[in-house]
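Me: Please take one part of this predicted model and look at it closely, for someone who has not met the structure before. I would like to know where that part sits and what lies around it.

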Amino acid sequence: MEKILNQEKLREWVDMLDDCEVYAPAFADSVWNYARVEAGTDIDLSHTNTIGSVKEFVFPQREVFFRFEKKDGVPVLTATLPDPKPTVVFGVRPCDGRGMPRNDTVFNKEFEDPYYWARRDKLTLVGLACNQPHSPNCFCQSVGGSPHSEDGLDILMTDLGDRFHVKGITVKGVEAMERGRDAFGAVRDGDQAETEKVHDTSRSHPQRPLGNLDAIPEAIRESFDSPLWADMAQHCIGCGICTFLCPTCHCFDINDEVISPTTGEGERVRTWDNCQFPDFTMHTSGHNPRADLGSRLRQRVSHKFLYFVENHKTQQCTGCGRCITECPVGIDIVAVLERVSQS
């Protein structure tokens, strides 16, 4: 389904989704991030990219698996499987959309994670094509994407100035469009041609080049024991912001948080973890196979450009550039890959 939506009609469409939780980018505290759209509030889609990614809608930073307690000396478990309302997220950039199929694979291929899928099945992603790169660190095309990729999205909107070209990609996307059918108009010949022109132009903007993508896995494998990793990581402070902001990083830890030692009451909780923390791979023996910053940087890059390719036939990086832009010490994954490839 392809339709035209005059920009002043966007609010009308959103109002038709009144039984859903609707989110869209909002500017606050000097950054764009997703925020709940309250009734009567307009959506501003002039954003760059959000600081957080849409993975947070399906894989929250902290999640309770179940609650436990003792009643009359007997352990009692209470399930906490989420049952969210249908959720529609507007303004998702194509790089973040491409992250979702990768996350789906992780949370489904070997074990179907019911907490992830309880949210994922009710999530509709409304993408917004990038007419031009929103950051000098964008490199989606260097990892096989494009500024108007439909991968992982349910709907793709393209800004044509005074109107949007809106394309329903999945069943969920078409259903969301049909609910706002009164707000849409038909696509005319000129609209289609203009959309294609905008897409063509968007691909012509320069992005960060990555060289030969197919050759990178072997280059990483051959450089496994290279001192290059320690050299490139010497400024790393191990803060982990690169992984927390990444749309595809998904490592987590599970802990039992005891609320009352007397009653044995507490919660089993999953929280984000990441391979850049020094105790991520710490063994109970005290041995840490990745005790230094260089080996941890190598692990992160290898996971995205070697191990994920071996296991799932695609890179675990969508070129959003957040890890470069937000790194407090300037570690640049594109530059890292260039040095590894040339070593």
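Reply: What follows is a walk around strand 7, from its own residues to its neighbours, and then to a separate sheet.

The model is predicted, so local features are described where pLDDT is at least 70, side-chain atom pairs count at pLDDT 80 or more, and totals for chains, interfaces and linings use all residues. Residues are numbered from 1 along each chain as its sequence is written, and side-chain values use heavy atoms, with hydrogens and water left out.

Strand 7 spans residues 123–128; strands (E, at least two residues) and helices (H or I, at least four) are DSSP runs, numbered from the N terminus. How many of the residues in strand 7 are buried? The count is 6 of 6, and the strand is described as mostly covered. Here buried means under 20% relative accessible area, while exposed means over 50% and partly exposed lies in between (1.4 Å probe, protein chains only). The cover reaches both faces of strand 7, for Leu123, Leu125 and Gly127 are buried on one side, and Thr124, Val126 and Leu128 are buried on the other.

Next come the strands that pair with it. Two strands pair if DSSP finds at least two bridges between them. Strand 6, residues 87–92, runs parallel to strand 7 and is joined to it by 5 bridges; within this pairing, Val89 has Leu125 as its bridge partner. Strand 8, residues 155–159, also runs parallel to strand 7 and is joined to it by 3 bridges, and here Val126 stands opposite Ile155. Leu125 and Val126, the two residues of strand 7 named in these pairings, therefore belong to opposite faces of the strand, and both are buried in the sense of under 20% relative accessible area.

The chain between strand 7 and strand 8 forms a loop, and Gly145 lies in that loop. Is Gly145 buried or exposed? Gly145 counts as buried because its relative accessibility is 14%. Leaving aside residues up to four places away in sequence, Gly145 touches Arg98 and Cys140, where contact means heavy atoms within 4.5 Å. Val31, by comparison, is 114 residues from Gly145 in sequence and 25 Å from it in space, C-alpha to C-alpha.

Arg98 leads on to helix 2, where it is one of the buried residues. Helix 2 covers residues 94–106 and is mostly covered, with 10 of its 13 residues buried. Among them, besides Arg98, are Pro94, Cys95, Asp96 and Gly97 earlier in the helix, and Met100, Arg102 and Asp104 further along. What covers the buried residues of helix 2? Strand 7 is part of that cover, as are strand 6, strand 3 (31–36), helix 3 (114–120), helix 9 (293–312) and helix 10 (322–325). Strand 6 thus appears twice in this account, as a pairing partner of strand 7 and as part of the cover over helix 2.

A separate sheet offers a view of another kind of pairing. Its 4 strands form an open sheet in the order 5-4-11-10, and the pairing is antiparallel. Strand 5 (74–79) and strand 10 (252–260) are its edge strands, each pairing on one side only. Strand 4, residues 62–71, pairs with strand 5 in the antiparallel sense over 6 bridges, and Arg67 has Thr78 in strand 5 as its bridge partner. Strand 7, by contrast, runs parallel to strand 6 and to strand 8.
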